[in-house]
Amino acid sequence: MRDPYEVLGVTKSATHADIKKAYRHLAKKYHPDHNKNDPKAASRLAEINAAYEIVGDEDKKAKFDRGEIGADGKPRFAGFEGFGAGPGGFGGFTRSGAGPGGARFDFNFGAQGFDAADILSDLFGGAARRGSAGGGPPRRGGDVVATARVPLETAVRGGSTRVVLPSGRSLDVSIPAGVEDGQQIRLRGQGQAGPVGAEPGDALITVKIAPHARFRVEGRDLRLDLPVTLYEAALGAKVAVPTLSGTVELAVPPGSNGGRVLRLRGKGLPAADGKPAGDLYVSLKVMLPEPPDAEFEALMKKWRDGKPYDPRKGL
């Protein structure tokens with residue numbers, strides 16, 4: 001490993017405040033959040049953290065300067081008593097007692113804590129944290145949420161769309177065929193960067209189906225307003241109805257009022273994720289002729305005067 005002073009760009013005579021200032025500058029400069037297109041940034045930050053763990057801790061710094069530990073923080077074996085070791089044992093060790101098999105030695109690295117994780121937490125809003133109190137692995141990075149607005153055709157057939165995350169980074173998201181409005185897609189590892197040694201969080205993408213010119217989406221079902229003539233509604237007819245898979249023929253029963261709903265089974269969103277295909281609900285919308293026709297108006301007046309009826313009775 002490189003000399004920690006060289007990594008941080010400081011001299012041995014630098015004060016603790018100067019070392020901390022240099023670390024903060026480099027940690028911010030090389031943090032993955034600021035270097036999304038640089039795959040080497042994470043390893044550079046790891047090197048910076050390792051260097052600060054040595055010279056940012058006054059006890060470890062003193063041991064490193066005396067040659068008792070190396071740049072990796074591990075003890076250097078300077079020899080046994082009589083070969084350069086201080087009284088009582090190895091250089092960098094203290095002898096604490098002897099057992100049946102010989103002397104027992106304890107490591108002594110000092111009690112001062114290392115604050116690199118705290119500094120990263122200050123710099124990046126708590127994204128960097130220490131490991132658990134029990135010495136477990138550091139917590140993963142945070143998840144981020146975003147919305148993917150897709151046309152109905154993409155939701156039906158599947159495809160790809162670009163999503164901009166809260167950080168400003170954009171991703172191409174694969175949309176599975178038959179996705180429902182409001183369904184969430186999890187992209188592993190595309191969230192916030194974790195502390196050094198921890199995995200990043202995920203991106204949670206909520207799919208929203210954009211309004212369609214003809215169809216309204218309700219879960220896996222679709223709804224459609226279908227214009228019909230007065231005589232089709234009165235006498236019954238077979239009319240063409242658009243669906244996601246092409247035009248089909250729908251039988252309008254005689255005497256159908258405007259607003260009557262007819263169902264076409266399986267003509268909604270296609271089956272997906274073990275869910276069956278939705279249905280298409282067709283609402284009849286009775287339309288009068290355009291432009292107004294004199295003969296039609298005369299017929300309506302005759303009906304009004306000779307055969308009146310009240311469709312609003314009971315309201």
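Which residues does Ile205 touch, not counting residues up to four places away in sequence? In this predicted model, the list is Ala146, Thr147, Ala148, Val163, Leu165, Val173, Gln183, Gln184, Ile185 and Leu187.

## Nonpolar cores

Ile205 belongs to the largest nonpolar core, which has 35 residues. Val173, Ile205, Leu226, Val241, Leu250 and Leu280 touch the most other members of that core. Val173 is also on the contact list of Ile205. Another core, of 20 residues, lies apart from the largest one. Its members include Ala14, Leu26, Ala27 and Val55.

In soluble globular proteins, nonpolar side chains tend to be buried together.

## Overall make-up

The chain has 315 residues, and 34% of them are buried. Its secondary structure comes to 8 helices and 13 strands. Take the contacts in the chain with a separation of 6 or more: residues 24 or more positions apart account for 50% of them.

## The α2 and α3 pair

Two packed helices are described by the angle between their axes and the distance between the axes. Helix α2 covers residues 16-30, and helix α3 covers residues 41-55. Their axes come within 9 Å and cross at roughly 165°. An angle over 145 degrees counts as roughly antiparallel, so α2 and α3 are roughly antiparallel to each other. The crossing of α2 and α3 is left-handed.

Which residues meet between the two helices? From α2 come His16, Ile19, Lys20, Tyr23, Leu26, Ala27 and Tyr30. From α3 come Ala41, Arg44, Leu45, Ile48, Asn49, Tyr52 and Val55. Leu26, Ala27 and Val55 are also among the members of the 20-residue core.

## A buried arginine

Arg220 sits in the loop between β8 (215-218) and β9 (221-229). Is Arg220 buried or exposed? Its relative accessibility is 11%. Buried means under 20%, so Arg220 counts as buried.

A polar atom of the Arg220 side chain lies 3.0 Å from the backbone oxygen of Gly178. Gly178 is also one of the residues in contact with Arg220, leaving aside neighbours within four places in sequence. The others are Glu180, Gly268, Leu269, Pro270, Ala271, Ala272, Lys275, Pro276, Gly278 and Asp279.

## Backbone exceptions

Most residues other than glycine have a negative phi, and most peptide bonds are trans. Two places in this chain depart from that pattern.

Asp273 is not a glycine, yet its phi is positive, at about 55°. Asp273 is in the loop between β12 (261-264) and β13. With a relative accessible area of 66%, Asp273 is exposed. The second place is the peptide bond between Glu290 and Pro291, which is cis, with omega about -5°. Pro291 is in the loop between β13 (280-287) and α8 (294-306).

## Two more loop positions

Thr11 lies in the loop between α1 (4-8) and α2. Its relative accessible area is 49%, and Thr11 is partly exposed. The side chains of Thr11 and Ser13 are joined by a polar contact of 3.0 Å.

Arg76 is placed in the loop between α4 (58-65) and β1 (93-99). Arg76 is partly exposed, with a relative accessible area of 42%. Phe64 and Arg76 are 12 residues apart in sequence. Their C-alpha atoms are 9.5 Å apart in space.

Conventions
Residues numbered from 1 in each chain as written. Predicted model: local features only at pLDDT ≥ 70, side-chain atom pairs only at ≥ 80, totals over all residues. Heavy atoms only, no water. Core = buried A, V, L, I, M, F, W, Y, C linked by side-chain atoms within 4.5 Å. Buried < 20%, exposed > 50% of the residue type's maximum accessible area, 1.4 Å probe, protein only. Contact = heavy atoms within 4.5 Å. Helix = DSSP H or I, 4+ residues; strand = E, 2+ residues; numbered from the N terminus. Polar contact = N/O pair within 3.5 Å; in protein donor to acceptor, adjacent residues only side chain to side chain. Axes fitted to C-alpha atoms, helices over the stretch in contact; angles between N-to-C directions. Parallel < 35°, antiparallel > 145°, perpendicular 65-115°, else oblique. Left-handed = near helix turned anticlockwise from the far one by under 90°.
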